[in-house]
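Thanks for coming. I have one structure to go through today, and I will keep to a few residues in it. Please have a look at the sequence and the model first.

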Amino acid sequence: MDWLFSHDYALLIPPLAEHLETLTAGDESLELNTFKITDTTSGRTLGIRADHTPQVQRFNAATTNTDTPKISRYCYFGPVLMTKPPQPWQWREEMQLGAELFGSLEPFGDWEMARLAAGTLAAAGLDDFCVDLGHAGIVHRLLREAKVPTQS
């Protein structure tokens with residue numbers, strides 16, 4: 001967390017449970033992976049978060065002035081609970097650490113997040129790791145910047 005703080009990422013601690021429609025915002029796959037309970041006070045359905053990202057995105061949208069856009073950096077750490085574990089041998093409950101960057105232009109934002117991921121792992125004491133980039137656009141841009149030929 002100190003590594004994230006030193007790179008100007010502000011800590012957000014979203015609630016563990018929220019009204020389902022707010023928590024999943026219509027994302028069907030997230031809703032399927034969210035544990036649901038009934039609020040005994042209101043009778044409404046609550047969800048226990050399966051991922052921090054939508055909550056952080058909603059916070060950013062609510063606090064960003066669209067007239068004067070700015071770069072926002074947030075980090076989070078806490079439990080998530082999934083109806084199905086990501087892999088058969090994993091637990092349904094995990095601790096999730098993450099960072100979100102809003103308002104940065106490409107390729108700078110992509111580069112910052114790749115560097116942040118590698119730096120966070122190194123700061124945690126890992127010296128043999130791989131940062132897996134799953135977005136083809138990021139990979140092509142990084143290879144282009146490094147002057148490495150790519151296949152289309």
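I will take the aromatic rings, and after that two other residues. Please keep in mind that this is a predicted model.

Let me begin with the rings. A pair of aromatic rings is described by the distance of the centres and the angle of the planes. How many aromatic pairs does the structure hold? There are two of them.

One pair is Phe59 with Tyr74. Their ring centres are 5.4 Å apart and the planes stand at 90°, so this pair is edge-to-face; the cut-off for that class is an angle over 60 degrees. Phe59 belongs to helix 4, residues 53-63, and Tyr74 to strand 5, residues 72-81. With these positions 15 residues apart, the pair links distant parts of the chain.

Are these two residues buried or exposed? Phe59 has a relative accessibility of 35%, so Phe59 counts as partly exposed. Tyr74 comes out at 9%, and therefore counts as buried, the limit being under 20%.

Tyr74 also pairs with Phe102. Here the centres are 6.2 Å apart and the angle between the planes is 55°, which makes the pair tilted. Phe102 sits in strand 6, residues 93-102, and Tyr74 in strand 5, so this pair ties together parts that are 28 residues apart in sequence. Both of these residues are buried. Taken with the other pair, this gives a cluster of Phe59, Tyr74 and Phe102, linked by ring pairs.

Now to Leu4, which is in helix 1, residues 2-6. Where is Leu4 relative to Tyr74? In sequence the two are 70 residues apart, and their C-alpha atoms are 8.7 Å apart in space. Leu4 has a relative accessible area of 3% and is buried. Which residues does Leu4 touch, leaving aside those up to four places away in sequence? They are Tyr9, Cys75, Leu97, Gly98, Ala99, Leu116 and Thr120.

The last residue is Thr64, in the loop between helix 4 and strand 5. Its relative accessible area is 24%, so Thr64 is partly exposed. A polar atom of the Thr64 side chain lies 2.5 Å from the backbone oxygen of Asn60. Thr64 and Trp91 are 27 residues apart along the chain, and 35 Å separates their C-alpha atoms.

To recap the rings: Phe59 and Tyr74 are edge-to-face, while Tyr74 and Phe102 are tilted. That is what I had; questions are welcome.

Conventions
Residues numbered from 1 in each chain as written. Predicted model: local features only at pLDDT ≥ 70, side-chain atom pairs only at ≥ 80, totals over all residues. Heavy atoms only, no water. Phe/Tyr/Trp six-rings, centres within 6.5 Å; stacked < 30°, edge-to-face > 60°. Helix = DSSP H or I, 4+ residues; strand = E, 2+ residues; numbered from the N terminus. Buried < 20%, exposed > 50% of the residue type's maximum accessible area, 1.4 Å probe, protein only. Contact = heavy atoms within 4.5 Å. Polar contact = N/O pair within 3.5 Å; in protein donor to acceptor, adjacent residues only side chain to side chain.
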